[in-house]
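Please open the model in your viewer and keep the sequence panel beside it, since each stop on this tour begins with something to select.

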Amino acid sequence: MGQWSRLKAGFSYYPSHYLDEDAFLRSISEICSEHGIRFILPSHNETEVLARHRQHLPKGVDALIPAADHCALFNNKSRSYDLVESLRLPVPKRIRYREPTDIADVVSDARVQRTVIKLLTGNSAKGVRYAENPADTQRTVVALIKDFELDSSRFPQVEEHVVGEGWGVSVLYWQGQLIASFTHRRLREKIATGGTSTLREVAHHPGLEAAAKQIFDSIGWHGLAMFEFKVCPETGRFWFIEVNPRLWGSIALAISAGVEFPYLAWLCATEGPEVALDYQLRQRLREPWRSRWLLGDLSVAASALLAGKPRQAWETLFRAGADYTDDVFWDDPLVFPGEIAVYLSNAIRAGSLNAAEKGMVG
């Protein structure tokens, strides 16, 4: 959205890191040098690429980027589950298998019916499938292996489907020190089974917050990240789902509620972590507080209308009860139509509202 903003200082285009990693790195380095950019704050999977090749960037611009091995750890669902289990924190039951053609029997022996099948790398529900029974699980896994040409080291992860509300715990760490933390509960998601939230609210959950801190403390995390959990509203039981080792899609809620993560990261880099801590201690968290991603809600409402559910569409659009909107700003009016234009052009080109670029999942 930034390229449409009247508040921007400027913008540049660069090649996709999925298509040409070397060209991407050269371009980012040239842009930083040409414009005198002091810090890069990456927002998507390019974070790991930049972390892995930080020596090729101008000196100091990588100060806000996490360690490459930590990005790689959390961008691999199997490895991140291994870490969380080693800390004796709850994860959904994993179904371990050697041969894809044996999965139906393995799932049955584990007394599991519904499963979630995840490619080891993915985001926003891309690369995630659901199966209702063991036979369906096997068909799905075999199809994913074929479609993505996966070798045995990249076989999809199969786990028991757990039911609960989506929660997130977001953090900023500076060289292993916790600077700020923020918790939210998802109220609506663009895709009913998971993915980017379109409506969410400020919340508190000591158990999740303690679990997130334990995980990040255990590796000495540096930078921004968000944990995702499922919480059973009846029992209070929770399960770790994944970590986004970078900026996250719902960050507008945290910023508007009083936890200004990007500014705090900048303070850490320019004036030191103690200044950032002092600044955050003087802020007041707004609650109750909700934010919505309007374009995402428009997509949810359109899907409801196509499914013959006009009442659901009406409630999605007009009964959100949001205090803040991620993408509509009356003092910066071109941002929202610009966002719509980009989303529509991408959807038309890819033939999907949640398309995955080649290399994004697998």
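Begin by selecting Leu224, and then add the residues it touches: leaving aside neighbours within four places in sequence, Leu224 is in contact with Leu41, Val171, Leu172, Pro245, Arg246, Leu247, Trp248 and Phe261. The model you are looking at is a predicted one, and in it Leu224 belongs to strand E8, which covers residues 223-231. Is Leu224 buried or exposed? Its relative accessibility is 5%, and because buried means under 20%, Leu224 counts as buried. For a sense of distance, select Leu87 as well, which is 137 residues away from Leu224 along the chain, and you will find the two C-alpha atoms separated by 21 Å.

Now zoom out and show the whole chain. It has 13 helices and eleven strands. The radius of gyration is 21 Å, close to the 21 Å that the globule rule gives for 362 residues, so the chain is as compact as a globular protein of that length. If you draw a box along the principal axes, the C-alpha atoms fill roughly 60 × 50 × 45 Å. Colouring by accessibility would show that buried residues make up 49% of the 362 residues, while a surface drawn over the chain corresponds to about 18,300 Å² of exposed area, of which carbon and sulfur atoms supply 53%. Among the contacts with a separation of 6 or more, 64% are between residues 24 or more positions apart.

Next, select helix H11, residues 294-306, together with helix H12, residues 310-318. Their axes come within 7 Å and cross at roughly 170°. How are H11 and H12 oriented to each other? An angle over 145 degrees counts as roughly antiparallel, and H11 and H12 are therefore roughly antiparallel to each other. To see the contact itself, show the side chains of Asp297, Leu298, Val300, Ala301, Ala304 and Leu305 on H11, and those of Pro310, Gln312, Ala313, Thr316 and Leu317 on H12. The residues of this contact divide into eight nonpolar, two polar and one charged.

Keep H11 selected and replace H12 with helix H13, residues 335-350. Here the axes come within 10 Å and cross at roughly 50°, and H11 and H13 are therefore oblique to each other. The contact is made by Leu294, Leu295 and Leu298 from H11, with Phe336, Glu339, Ile340 and Tyr343 from H13. These residues divide into six nonpolar, no polar and one charged. It is worth pausing on Leu298, which takes part in the contact of H11 with H12 and also in the contact of H11 with H13.

The following stops concern the backbone. Most residues other than glycine have a negative phi, and most peptide bonds are trans. Select Glu287 and Pro288, where the peptide bond from the former to the latter is cis, with omega near 0°. Pro288 lies in the loop between helix H10 (273-281) and strand E10 (290-292), and at 75% relative accessibility it counts as exposed. If you also select Pro333, which is 45 residues from Pro288 along the chain, the C-alpha atoms of the two prolines are separated by 27 Å.

Then move to Arg111, in the loop between helix H5 (103-109) and strand E2 (115-118). What is the phi of Arg111? The angle is near 60°, a positive value in a residue other than glycine. With a relative accessibility of 80%, Arg111 counts as exposed.

From there, select Glu149, which sits in the loop between helix H6 (134-147) and strand E4 (157-160). Phi of Glu149 is near 50°, again a positive value in a residue other than glycine, and Glu149 is exposed, with a relative accessible area of 73%.

For the last stop, select Asp82 in helix H4, residues 77-86. Which residues does Asp82 touch, not counting those up to four places away in sequence? Show Arg94 and Arg96, which are the residues in contact with Asp82 on that basis. The relative accessible area of Asp82 is 37%, which makes this residue partly exposed.

Notes. Residues are numbered from 1 along each chain as its sequence is written. This is a predicted model: local features need pLDDT of at least 70, side-chain atom pairs count only at pLDDT 80 or more; totals for chains, interfaces and linings use all residues. Side-chain values use heavy atoms; hydrogens and water are left out. Axes are lines fitted to C-alpha atoms, for helices over the stretch in contact, and angles run from 0 to 180 degrees between N-to-C directions. Helices (H or I, at least four residues) and strands (E, at least two) are DSSP runs, numbered from the N terminus. Angles under 35 degrees count as roughly parallel, over 145 as roughly antiparallel, 65 to 115 as roughly perpendicular and the rest as oblique. Contact means heavy atoms within 4.5 Å. Ala, Val, Leu, Ile, Met, Phe, Trp, Tyr, Cys and Pro count as nonpolar, Asp, Glu, Lys and Arg as charged, and the others, Gly among them, as polar. The radius of gyration is taken over C-alpha atoms; the globule rule is 2.2 Å times the number of residues to the power 0.38. Buried means under 20% relative accessible area, exposed over 50%, partly exposed in between (1.4 Å probe, protein chains only). Accessible areas come from the Shrake-Rupley method with a 1.4 Å probe; for residues, only the protein chains shown count as cover.
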